Amino acid sequence: MLFRPGFELDLDTVLGPLSRGSRSPNVVRTEGGVTWLAANTADGAGTLALLRRADGEIEAEAWGPGADKLLDGVPAMLGAHDDDSTFVAHHDVIASARRRNPGLRLGSTGRVWDALVLAVLEQKVTSTEALRSWGELCRWFGEPAPGPGPSRLRVPPTPVAIRSIVDWKWHRAGVDLKRRTTLIAAARVAPRLEKAVELKGLEGRAWLRKVPGIGVWTAAEIAQRAWGDPDAVSFGDYNIPSMVGHALVGAKLDDAGMSEVLAPYSPQRQRAVRYLSTAGFRRPRFGPKIELRDYRAM
């Protein structure tokens, strides 16, 4: 299929939240500019390939039982349902970031489960640790992606697969008891959690938080991807309050301080954060690095 966006679109930026860099097992960009995504859908596993053509159209092709669902979701995934018309930049740095990134859109996959697994794995650990566990779970318990995509492309493990994992295999994947317990609890009610996409907003995030172990941060990370929630700020994040503080007020902030600074942007606070992160603002690096923990050695 061909999708012609009726808006300026930066394909890499809109797809950015779905990936974790070059080591992501379920999102792979190949030479020639094709982005491959492997995902679980209500109809089963599927692979989606996206290519931006010279005329601006997005060429999309899909394989597997979930192919139709993935193709139907392309416009929303690329931000067609995102509305930033009421967004007002209250800080010069955000106004400048918005001018430099007119193609930034908040995309929505319409699916909770895959985003949930990765978000839970990222709880209270470094990105290196989380990505290692994510890759190993996808390789060991996910499916090879349908279709002709890269050989390393994997569909994330399904709720059934998550529930089948025995303790020593969780340990081998570096997933501690708290996170594995949360994933198993979510897997038991996975179909019901998809209702959060219909509810959206604060109500949708509250629905996700009914699962023990899913708090404000995890629900926000899921909401940002599943329905492109423009107000779902990742409170409790190690880096974001400091990044926002140094960008907007020139000083480190905690969650309470960030909430106060971002208050004028409600109900589009996450959009303001995305403008800052996309523009390259980062938390200043002070002091020793976080020590990496390998739960497999414990």
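**Exercise 1. Work out which parts of the chain the salt bridge between Arg29 and Asp12 ties together, and how exposed each partner is.**

*Solution.* Start with the contact itself: in this predicted model, the closest N and O atoms of Arg29 and Asp12 are 2.6 Å apart. That is inside the 4 Å cut-off, so the pair counts as a salt bridge. Next, place the partners. Arg29 sits in strand β2 (residues 27-30) and Asp12 in helix α1, so the bridge connects parts 17 residues apart in sequence. Finally, check the surface: Arg29 has 49% relative accessibility and Asp12 has 43%. Buried needs under 20% and exposed over 50%, so partly exposed is the label for values in between. Arg29 is therefore partly exposed, and Asp12 is partly exposed as well.

**Exercise 2. Find the acidic partners of Arg4 and say where they lie.**

*Solution.* Take Asp55 to begin with: its salt bridge with Arg4 has a closest N to O distance of 3.7 Å. Arg4 lies in the loop between β1 (2-3) and α1 (11-15), while Asp55 lies in the loop between β4 (44-52) and β5 (58-63), 51 residues apart. Now turn to Glu57, which meets Arg4 in a salt bridge of 3.6 Å. Glu57 is also in the loop between β4 and β5, so this pair ties together parts 53 residues apart in sequence.

Then compare the surroundings: Asp55 is partly exposed at 38%, whereas Glu57, at 14%, counts as buried. To finish, widen the view: bridges with shared partners join Arg4, Arg53, Asp55 and Glu57 into one network. The whole structure holds 14 salt bridges.

**Exercise 3. Decide whether the buried residues of helix α9 line one face or are scattered around the helix.**

*Solution.* First, check the helix length. Helix α9 (residues 177-188) has twelve residues and should span 16 Å at 1.5 Å a residue; its end C-alpha atoms are 17 Å apart, which agrees. Second, list the buried residues: Arg179, Arg180, Thr182, Leu183, Ala186 and Ala187. Third, look down the axis of α9: these residues fall within an arc of 160°, so they line one face. A general rule helps here: an α-helix has 3.6 residues a turn, so residues three or four places apart point the same way.

Fourth, see what each side meets. The buried residues pack against α5 (113-121), α7 (159-164), α8 (167-172) and α10 (190-193). The face turned away from them carries exposed Leu177, Lys178 and Arg188. Last, inspect the N-terminal end of α9: Asp176 caps it, with a side-chain oxygen 3.1 Å from the backbone nitrogen of Lys178.

Methods. Residues are numbered from 1 along each chain as its sequence is written. This is a predicted model: local features need pLDDT of at least 70, side-chain atom pairs count only at pLDDT 80 or more; totals for chains, interfaces and linings use all residues. Side-chain values use heavy atoms; hydrogens and water are left out. A salt bridge is a side-chain nitrogen of Lys or Arg within 4 Å of a carboxyl oxygen of Asp or Glu. Helices (H or I, at least four residues) and strands (E, at least two) are DSSP runs, numbered from the N terminus. Buried means under 20% relative accessible area, exposed over 50%, partly exposed in between (1.4 Å probe, protein chains only). The expected span of a helix is 1.5 Å times one less than its number of residues. The arc is that of the directions from the helix axis to the C-beta atoms. Contact means heavy atoms within 4.5 Å. A polar contact is a pair of N or O atoms within 3.5 Å; within protein, one must be able to donate a hydrogen and the other to accept it, and residues adjacent in sequence count only if both atoms are side-chain atoms.
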